[in-house]
Amino acid sequence: MSQSRHVPVMLQRCLDLLAPALEGPEPVVVDCTLGLGGHSEALLERFPGIRLVALDRDKEALRLSGERLAPYGERATLVHAVYDELPEVLHKLGIARVQGVLFDLGVSSMQLDEADRGFAYAQDAPLDMRMDQTSGVSAAEVLNTYPPGELVRILRAYGEEKQAKRIVSAIVREREKEPFSNSARLVELIRDALPQAAKRTGGNPAKRTFQALRIEVNGELAVLERAIPAAVKALDVGGRIAVLSYHSLEDRLVKQVFAAGAATTAPPGLPVVPERYQPRLKLLTRGAELPTEEEIAENRRAAPARLRGAQRIRVDVE
């Protein structure tokens with residue numbers, strides 16, 4: 001598969017956001033979502049002094065980006081890990097603090113484009129959706145074995161699917177006849193289950209269900225809930241974090257962690273706020289920044305992206 005068509009989302013803005021933290025001596029930057037290595041390659045190219053640590057749970061992504069980043073030699077350390085394992089990864093590498101952290105939470109282009117991974121609803125494929133194909137349950141297992149109430153909860157919570165009950169009723173009816181194995185059958189079932197009005201809005205009607213299944217299969221929100229605070233904790237004073245999210249659940253999580261870090265925790269009414277109550281973070285973006293129209297025209301996958309950035313302004317006082 002060609003890596004040239006992979007356009008990293010909001011690349012320039014991410015680099016500019018992290019830049020002030022990467023000027024010092026031997027800064028370390030963590031790319032928590034290596035994917036095909038587009039952001040990582042740009043970081044290594046633009047900041048010749050940095051050491052990069054890059055994580056991915058997908059072995060195929062690590063192999064491909066390993067080839068891409070080979071020219072940078074020792075400056076890039078690639079690790080097979082989920083991003084909430086960041087503290088363990090840094091500990092093993094003997095790194096106490098880092099100067100920059102980047103998260104790009106979108107499903108990598110490779111996973112969407114490789115038919116046999118089952119992420120895409122536009123082509124028929126086995127219903128797998130695991131980012132790390134060596135472990136965990138597949139999307140087919142979720143569809144075939146979860147109780148109806150649990151499936152409704154997943155579709156509502158992770159897919160924000162208003163027609164969850166209707167879709168799940170159809171799934172339960174069909175799985176009794178024959179278990180689900182491929183994506184085309186699920187797409188067709190969703191189309192048939194939805195009322196006409198629901199099919200006229202928001203692109204492919206299967207999109208929300210597929211998103212919900214992907215999040216469930218990979219435990220994405222639970223992982224993110226642990227990963228963002230861990231990444232903030234790993235930042236040196238002056239260090240910066242940039243996070244690209246692609247749906248409102250991810251963005252809300254990031255927003256909450258950043259807002260909590262940027263708030264004072266002092267009881268109201270203190271004449272002077274003691275050090276331990278002072279904010280730990282300074283927000284670098286006003287709300288979430290959106291991609292430009294030009295960028296969306298060049299790369300349609302950038303359309304839902306939301307970028308938030310923050311800077312560590314003081315250490316934790318235990």
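1. At roughly what angle do the axes of helix α7 (residues 148–159) and helix α8 (residues 164–177) cross, and within what distance do they come? I started with this pair. In this predicted model, the two axes cross at roughly 140° and come within 9 Å. That makes α7 oblique to α8; the cut-off for roughly antiparallel is over 145 degrees, so an angle of roughly 140° does not qualify. The crossing of α7 past α8 is right-handed.

2. Now the residues behind that contact. From α7 come P148, L151, V152, L155 and R156, and they meet A164, K165, I167, V168, I171, V172 and R175 of α8. By class, the contact holds nine nonpolar residues and three charged ones, with no polar residues.

3. On to the next pair. Helix α9 (residues 183–193) packs against α8 at an angle of about 130°, and the axes are 9 Å apart. That makes α8 oblique to α9. Here, too, the crossing is right-handed. On the α8 side the contact uses R166, I167, A170, I171, E174 and R175, and on the α9 side R185, L186, L189, I190 and A193. Seven of these residues are nonpolar and four are charged, with no polar residue in the contact. If you are following individual side chains, I167, I171 and R175 of α8 are worth a look: they are listed in the contact with α7 and again in the contact with α9.

4. The loops between these helices deserve a point of their own. E160 sits in the loop between α7 and α8, and its phi is near 50°, a positive value in a residue other than glycine. With 36% relative accessibility, E160 counts as partly exposed. N182 belongs to the loop between α8 and α9 and is also partly exposed, at 28% relative accessibility. Beyond its neighbours within four places in sequence, N182 is in contact with D124, A125, P126 and L127. N182 also lies 7.7 Å from A140, C-alpha to C-alpha, although 42 residues separate the two in sequence.

5. E26 is another residue to check by eye. Where is E26 found? The answer is the loop between α1 (11–18) and β1 (28–31). Its phi is positive, about 45°, although E26 is not a glycine. Is E26 buried or exposed? At 69% relative accessibility, E26 counts as exposed.

6. L143 ties helix α6 (residues 139–145) to the helices discussed above. Leaving out residues up to four places away in sequence, L143 touches L127, L151, I171, R175, F180, L186 and L213. Of those, L151 is in α7, I171 and R175 are in α8, and L186 is in α9. L143 is buried, with a relative accessible area of 1%. The C-alpha atoms of L143 and V172 are 8.4 Å apart, with a sequence separation of 29 residues.

7. What about the interior? Nonpolar side chains tend to be buried together in soluble globular proteins. In this model, the largest nonpolar core has 65 residues, and F103, L186, I241 and F258 have the most contacts inside it. Helix α12 (residues 220–234) supplies the largest share of this core, eight residues. A second, separate core has 30 residues, M10, L52, L102 and L244 among them.

8. I241 is a good place to look inside the main core. Not counting residues up to four places away in sequence, I241 touches L18, V101, F103, A231, V232, L235, F258, R308, G309 and A310. One of these partners, L235, lies in strand β5 (residues 235–245) and counts as buried at 1% relative accessibility. Besides I241, the contacts of L235 beyond four places in sequence are R97, V98, Q99, G100, V101, R240 and R312. L235 and A96 are 139 residues apart in sequence, but 9.0 Å apart in space, C-alpha to C-alpha.

9. Finally, the whole chain. The protein has 14 helices and seven strands, and 52% of its 318 residues count as buried. Among contacts with a separation of 6 or more, 70% join residues 24 or more positions apart.

Methods
Residues numbered from 1 in each chain as written. Predicted model: local features only at pLDDT ≥ 70, side-chain atom pairs only at ≥ 80, totals over all residues. Heavy atoms only, no water. Core = buried A, V, L, I, M, F, W, Y, C linked by side-chain atoms within 4.5 Å. Buried < 20%, exposed > 50% of the residue type's maximum accessible area, 1.4 Å probe, protein only. Helix = DSSP H or I, 4+ residues; strand = E, 2+ residues; numbered from the N terminus. Contact = heavy atoms within 4.5 Å. Axes fitted to C-alpha atoms, helices over the stretch in contact; angles between N-to-C directions. Parallel < 35°, antiparallel > 145°, perpendicular 65-115°, else oblique. Left-handed = near helix turned anticlockwise from the far one by under 90°. Nonpolar A, V, L, I, M, F, W, Y, C, P; charged D, E, K, R; others polar.
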